[in-house]
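Work through the following exercises on charged side chains, and try each task before reading its solution.

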Amino acid sequence: MGGLKVYFDLMSQPARGVILFLKANKIPYISCPIALRKGEHFTPEFTKINPLQRVPVIDHNGFRLTESVAILKYLSREFCTPDHWYPQDSKLRARVDEFLAWQHLNLRLNGSMVFRTKVIEPRMTGTPVNEKKLNQFLEGLETNLKQLETMFLRNHPFLCGEKITIADLLGSCEVEQPCAAGFDVLEDKPVVAAWIENVRSYLAPHYDEAHQVCQQVRNYVDKSKL
């Protein structure tokens, strides 16, 4: 079957970013969910699709592509989406690329590891949360959120300027991940909180729909504290 196939799990923050882009731009796609919690990304069938055993992955008429950043850039070109998502202007595009290059070893690293250390590892191993490790990632995340406020979000409503870009999709999904683990990381970050609300409003109702799974995990975490 031709068309655009998307392999994803909404528990994956990069996968959520890709799905939000598709929905925001009304790009039709064939949904191919991969349940990470069930280990479906390790199956021989999926390994043939992506030897890296990760989501998201797209298959566009036989052209397969992994990695969310590459996927979003490809989709913006292939489907001629509005210019603000990944601008043609060299300087505006450079700002988007700047954030995407920064986030991997900063916001994405610390936010995802807070979630993994708090939720995934104890469930997989049956052992208590490694509090020392968790606090290290929380400290790193705190630094990253301050950097969002002082560098990327200074004087404008979105990460790279006055309009939403693919950077905002990936960035907001990363910030939501530690929230799903039960941490109110936006409580004393009004600039970041306002930005998240800008993204949510622009993408309504898709943003909340994509993050329902995060709220479900948050509810589970909160109940486990009782």
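The exercises below deal with salt bridges and with the surroundings of their partners.

This is a predicted model, in which local features need pLDDT of at least 70 and side-chain atom pairs count only at pLDDT 80 or more, while totals for chains, interfaces and linings use all residues. Residues are numbered from 1 along each chain as its sequence is written, and side-chain values use heavy atoms, with hydrogens and water left out.

**Exercise 1.** Find how many salt bridges the whole structure holds.

Solution. Begin with the criterion: a salt bridge is a side-chain nitrogen of Lys or Arg within 4 Å of a carboxyl oxygen of Asp or Glu. A search of the whole structure then gives 13 salt bridges.

**Exercise 2.** Describe the salt bridge between R200 and E176.

Solution. First take the distance, which is 3.7 Å between the closest N and O atoms. Next locate the partners: R200 belongs to helix α8 (residues 190-203) and E176 to helix α7 (residues 166-180), so that the pair links distant parts of the chain, 24 residues apart, where a helix is a DSSP run of H or I with at least four residues, numbered from the N terminus. Finally, consider accessibility, for which buried means under 20% relative accessible area, exposed over 50%, and partly exposed in between (1.4 Å probe, protein chains only). E176, at 13%, is buried, whereas R200, at 24%, is partly exposed.

**Exercise 3.** Determine whether R218 is buried or exposed, and name the parts that its salt bridge with D184 ties together.

Solution. R218 has a relative accessible area of 16% and is therefore buried. Its side chain meets that of D184 at 2.9 Å, N to O. Because R218 lies in helix α10 (residues 212-224) and D184 in the loop between α7 and α8, the pair ties together parts 34 residues apart in sequence.

Methods:
Helices (H or I, at least four residues) and strands (E, at least two) are DSSP runs, numbered from the N terminus.
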